[in-house]
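Trainee: Please take me closely through one part of this model, the place where aromatic rings meet next to an enclosed space. I would then like to see how the neighbouring elements and the rest of the chain fit around that place.

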Amino acid sequence: DPRTIFLPMDILLLGGQSPRHLEWSRALAEALESHGHHVARLVYANWLAGTRVIDIEAEVSAAAELAGPLDRPVVVAKSIGTVIATLAIGRRLIQPAGEVFLGLPLEAFENDPEAVGYLPKLPPVTVVQNEDDPFGSAEKAREFVSAHAPRQWRFETIPAVNTHDYVDSDAIERWVEEHI
(Lines give C-alpha, C1' and ligand atoms only; values in the text may rest on other atoms or scores of the structure.)
Protein backbone atom coordinates (compact mmCIF):
# COMPACT_ATOMS: atom_id res chain seq x y z
CA ASP A 1 0.00 0.00 0.00
CA PRO A 2 1.68 3.26 -1.09
CA ARG A 3 0.02 5.10 1.81
CA THR A 4 1.89 2.99 4.36
CA ILE A 5 3.86 5.23 6.66
CA PHE A 6 7.48 4.15 6.88
CA LEU A 7 8.76 4.04 10.40
CA PRO A 8 12.51 3.98 10.83
CA MET A 9 13.53 1.63 13.59
CA ASP A 10 16.41 0.70 15.80
CA ILE A 11 18.25 -2.43 14.69
CA LEU A 12 20.84 -4.32 16.71
CA LEU A 13 23.12 -6.17 14.29
CA LEU A 14 25.07 -9.22 15.48
CA GLY A 15 27.23 -11.00 12.91
CA GLY A 16 28.79 -14.41 12.69
CA GLN A 17 31.99 -15.65 14.27
CA SER A 18 34.38 -15.28 11.34
CA PRO A 19 36.35 -12.03 11.04
CA ARG A 20 34.96 -11.71 7.49
CA HIS A 21 31.69 -10.64 9.14
CA LEU A 22 33.26 -7.31 10.02
CA GLU A 23 32.80 -6.32 6.37
CA TRP A 24 29.44 -8.16 6.08
CA SER A 25 28.02 -6.27 9.06
CA ARG A 26 29.36 -2.93 7.79
CA ALA A 27 27.78 -3.44 4.36
CA LEU A 28 24.45 -4.60 5.81
CA ALA A 29 24.39 -1.70 8.31
CA GLU A 30 25.01 0.79 5.48
CA ALA A 31 22.21 -0.74 3.40
CA LEU A 32 19.74 -0.57 6.30
CA GLU A 33 20.82 2.95 7.28
CA SER A 34 20.35 4.11 3.68
CA HIS A 35 16.66 3.32 4.19
CA GLY A 36 16.45 5.45 7.35
CA HIS A 37 16.99 2.83 10.05
CA HIS A 38 19.35 3.34 12.97
CA VAL A 39 21.75 0.39 13.19
CA ALA A 40 23.84 -0.43 16.23
CA ARG A 41 26.43 -2.94 15.02
CA LEU A 42 28.41 -5.03 17.43
CA VAL A 43 32.06 -5.46 16.40
CA TYR A 44 33.32 -8.61 18.08
CA ALA A 45 36.73 -8.57 19.75
CA ASN A 46 37.81 -11.65 17.79
CA TRP A 47 37.14 -9.87 14.47
CA LEU A 48 39.57 -7.13 15.46
CA ALA A 49 42.09 -9.75 16.58
CA GLY A 50 41.66 -11.60 13.28
CA THR A 51 40.77 -14.90 14.97
CA ARG A 52 37.76 -17.21 14.85
CA VAL A 53 37.90 -17.78 18.62
CA ILE A 54 34.95 -15.89 20.10
CA ASP A 55 34.19 -15.20 23.76
CA ILE A 56 30.41 -15.62 23.74
CA GLU A 57 29.91 -14.35 27.31
CA ALA A 58 31.92 -11.19 26.62
CA GLU A 59 29.90 -10.58 23.45
CA VAL A 60 26.58 -11.13 25.28
CA SER A 61 27.63 -8.37 27.70
CA ALA A 62 28.78 -6.14 24.83
CA ALA A 63 25.49 -6.70 22.97
CA ALA A 64 23.51 -5.74 26.08
CA GLU A 65 25.56 -2.58 26.51
CA LEU A 66 25.16 -1.63 22.85
CA ALA A 67 21.40 -2.26 22.99
CA GLY A 68 20.96 -0.16 26.15
CA PRO A 69 19.98 3.13 24.49
CA LEU A 70 17.93 1.49 21.72
CA ASP A 71 14.13 1.59 21.74
CA ARG A 72 12.83 -1.99 21.37
CA PRO A 73 15.19 -2.82 18.53
CA VAL A 74 14.77 -5.58 16.02
CA VAL A 75 17.75 -7.88 16.46
CA VAL A 76 19.30 -9.06 13.21
CA ALA A 77 21.69 -11.88 14.01
CA LYS A 78 23.66 -14.26 11.86
CA SER A 79 25.11 -17.62 12.89
CA ILE A 80 26.81 -17.37 16.32
CA GLY A 81 25.09 -13.99 16.66
CA THR A 82 21.80 -15.90 17.02
CA VAL A 83 23.20 -17.70 20.06
CA ILE A 84 24.50 -14.44 21.53
CA ALA A 85 21.11 -12.78 20.92
CA THR A 86 19.18 -15.69 22.42
CA LEU A 87 21.29 -15.63 25.59
CA ALA A 88 21.04 -11.84 25.95
CA ILE A 89 17.27 -11.84 25.38
CA GLY A 90 16.69 -14.88 27.59
CA ARG A 91 18.61 -13.21 30.42
CA ARG A 92 16.49 -10.08 29.85
CA LEU A 93 19.55 -7.98 29.00
CA ILE A 94 17.94 -7.00 25.68
CA GLN A 95 14.21 -6.50 25.17
CA PRO A 96 13.64 -6.42 21.41
CA ALA A 97 10.50 -6.03 19.38
CA GLY A 98 11.52 -9.16 17.48
CA GLU A 99 14.39 -10.91 15.80
CA VAL A 100 15.57 -11.97 12.37
CA PHE A 101 17.89 -14.94 12.70
CA LEU A 102 20.00 -15.77 9.65
CA GLY A 103 21.69 -19.16 9.42
CA LEU A 104 21.18 -20.93 12.73
CA PRO A 105 24.38 -22.79 13.72
CA LEU A 106 22.63 -25.92 14.95
CA GLU A 107 25.66 -27.52 16.62
CA ALA A 108 26.36 -24.33 18.60
CA PHE A 109 22.77 -24.33 19.89
CA GLU A 110 22.84 -28.04 20.65
CA ASN A 111 26.00 -27.45 22.72
CA ASP A 112 24.39 -24.61 24.70
CA PRO A 113 21.42 -25.89 26.74
CA GLU A 114 20.90 -22.43 28.28
CA ALA A 115 20.32 -20.90 24.83
CA VAL A 116 18.01 -23.75 23.79
CA GLY A 117 16.01 -23.24 26.99
CA TYR A 118 15.48 -19.57 26.14
CA LEU A 119 14.20 -20.16 22.60
CA PRO A 120 10.54 -20.68 23.64
CA LYS A 121 10.63 -17.31 25.48
CA LEU A 122 11.78 -15.21 22.51
CA PRO A 123 9.65 -12.40 21.11
CA PRO A 124 8.43 -12.97 17.53
CA VAL A 125 11.26 -14.37 15.44
CA THR A 126 11.82 -14.93 11.74
CA VAL A 127 14.36 -17.67 11.07
CA VAL A 128 15.99 -17.71 7.65
CA GLN A 129 18.03 -20.73 6.60
CA ASN A 130 19.66 -21.60 3.30
CA GLU A 131 18.32 -24.91 2.00
CA ASP A 132 21.68 -26.66 2.29
CA ASP A 133 23.47 -24.44 4.83
CA PRO A 134 26.59 -26.35 5.99
CA PHE A 135 25.82 -25.35 9.63
CA GLY A 136 22.37 -26.94 9.40
CA SER A 137 20.06 -27.57 6.48
CA ALA A 138 16.78 -25.70 6.31
CA GLU A 139 14.95 -28.94 7.01
CA LYS A 140 16.97 -29.64 10.18
CA ALA A 141 16.77 -26.01 11.28
CA ARG A 142 12.97 -25.99 10.86
CA GLU A 143 12.72 -29.19 12.93
CA PHE A 144 14.93 -27.65 15.63
CA VAL A 145 12.96 -24.39 15.77
CA SER A 146 9.59 -26.15 15.81
CA ALA A 147 10.79 -28.33 18.72
CA HIS A 148 11.81 -25.24 20.74
CA ALA A 149 9.52 -22.66 19.22
CA PRO A 150 8.53 -19.35 20.70
CA ARG A 151 4.84 -18.50 20.46
CA GLN A 152 5.28 -16.44 17.30
CA TRP A 153 7.75 -17.59 14.67
CA ARG A 154 8.17 -17.79 10.94
CA PHE A 155 10.58 -19.86 8.94
CA GLU A 156 11.97 -18.89 5.54
CA THR A 157 13.96 -21.31 3.41
CA ILE A 158 16.29 -19.86 0.79
CA PRO A 159 16.08 -22.54 -1.91
CA ALA A 160 19.06 -24.02 -3.74
CA VAL A 161 21.74 -22.26 -1.66
CA ASN A 162 24.48 -24.38 -0.07
CA THR A 163 26.47 -21.68 1.75
CA HIS A 164 26.32 -20.00 5.16
CA ASP A 165 26.14 -16.58 3.49
CA TYR A 166 23.13 -14.28 3.93
CA VAL A 167 23.75 -11.18 1.85
CA ASP A 168 20.39 -10.09 0.38
CA SER A 169 20.00 -6.79 2.25
CA ASP A 170 16.62 -6.05 0.63
CA ALA A 171 15.18 -9.35 1.86
CA ILE A 172 16.72 -8.83 5.32
CA GLU A 173 15.12 -5.38 5.48
CA ARG A 174 11.71 -6.85 4.53
CA TRP A 175 12.01 -9.41 7.33
CA VAL A 176 13.02 -6.68 9.78
CA GLU A 177 10.09 -4.46 8.85
CA GLU A 178 7.66 -7.29 9.54
CA HIS A 179 8.52 -6.79 13.23
CA ILE A 180 7.36 -3.15 13.36
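Mentor: A residue counts as buried when its relative accessible area is under 20%, and as exposed when that area is over 50%. With that cut-off in hand, and bearing in mind that the model is predicted, we can start from Phe 109 and Phe 144, both of which are buried.

A pair of aromatic rings is described by the distance of the centres and the angle of the planes. The structure has two aromatic pairs. In one of them, the rings of Tyr 44 and Trp 47 have centres 4.6 Å apart and planes at 55°, so the pair is tilted, and both Tyr 44 and Trp 47 are buried. The pair you asked about, Phe 109 with Phe 144, is likewise tilted, with 5.7 Å from centre to centre and 50° between the planes. Because Phe 109 belongs to helix H5 and Phe 144 to helix H7, this pair ties together parts of the chain that are 35 residues apart in sequence.

Both rings also belong to the wall of an enclosed space. A search of the whole structure finds one cavity of 30 Å³ or more, and the largest cavity holds about 80 Å³ of space. Its lining includes Phe 109 and Phe 144 together with Phe 101, Leu 104, Leu 119, Leu 122, Val 125 and Val 127, and, further along the chain, Val 145, His 148, Ala 149 and Pro 150. By class, that lining has 11 nonpolar residues, one polar residue and no charged residues. Strand S5 (125–130) and helix H7 (138–147) each supply at least two of the lining residues.

Helix H7 deserves a closer look, since Phe 144 lies in it. Its buried residues are Ala 138, Ala 141, Phe 144 and Val 145. These four cover an arc of only 125° around the axis, which puts them on the same side of H7. On the other side of the helix, Glu 139, Lys 140 and Ala 147 are exposed. The spacing along the chain can be read against a simple rule: an α-helix has 3.6 residues a turn, so residues three or four places apart point the same way. What covers the buried residues of H7 includes H5, H6, S5 and strand S6 (153–158), and H5 is the helix that holds Phe 109.

Helix H5 also leads to a second, open space. The largest pocket has a volume of about 230 Å³. Of the 16 residues that line this pocket, the closest to its centre are Gln 17, Arg 52, Ser 79, Phe 135 and His 164. Helix H5 (residues 106–110) gives the most to the lining, with three residues. The lining of the pocket divides into five nonpolar, seven polar and four charged residues, whereas the lining of the largest cavity has no charged residues.

H5 is again among the neighbours of helix H4, whose buried residues are covered by elements including strand S1 (10–14), H3, S3, S4, H5 and helix H6 (113–118). H4 is mostly covered, with 11 of its 11 residues buried, among them Ile 80, Val 83, Ile 84, Leu 87 and Ile 89. Just after H4, Arg 92 takes a positive phi of about 65°, in the loop between helix H4 (80–90) and strand S4 (98–102). Arg 92 counts as exposed because its relative accessibility is 60%. Most residues other than glycine have a negative phi, and most peptide bonds are trans. Arg 72 also has a positive phi, near 40°, and is found in the loop between helix H3 (56–67) and strand S3 (74–78).

Strand S4, which follows the loop of Arg 92, contains Val 100. With a relative accessible area of 0%, Val 100 is buried. Its C-alpha lies 6.2 Å from that of Val 75, although the two are 25 residues apart in sequence. Leaving aside neighbours within four places in sequence, Val 100 is in contact with Val 74, Val 75, Val 76 and Ala 77, and also with Thr 126, Trp 175, Val 176 and His 179.

To return to where we began, the pair of Phe 109 and Phe 144 is tilted, both of its residues are buried, and both are among the residues that line the largest cavity.

Technical notes: Residues numbered from 1 in each chain as written. Predicted model: local features only at pLDDT ≥ 70, side-chain atom pairs only at ≥ 80, totals over all residues. Heavy atoms only, no water. Buried < 20%, exposed > 50% of the residue type's maximum accessible area, 1.4 Å probe, protein only. 1 Å grid on protein atoms, 1.4 Å probe; cavity = no way out; pocket = protein on both sides within 12 Å on 5 of 7 lines; lining within 4 Å. Points joined across faces, edges and corners; volume = space filled by probe spheres on them. Nonpolar A, V, L, I, M, F, W, Y, C, P; charged D, E, K, R; others polar. Phe/Tyr/Trp six-rings, centres within 6.5 Å; stacked < 30°, edge-to-face > 60°. Contact = heavy atoms within 4.5 Å. Arc of directions from axis to C-beta.
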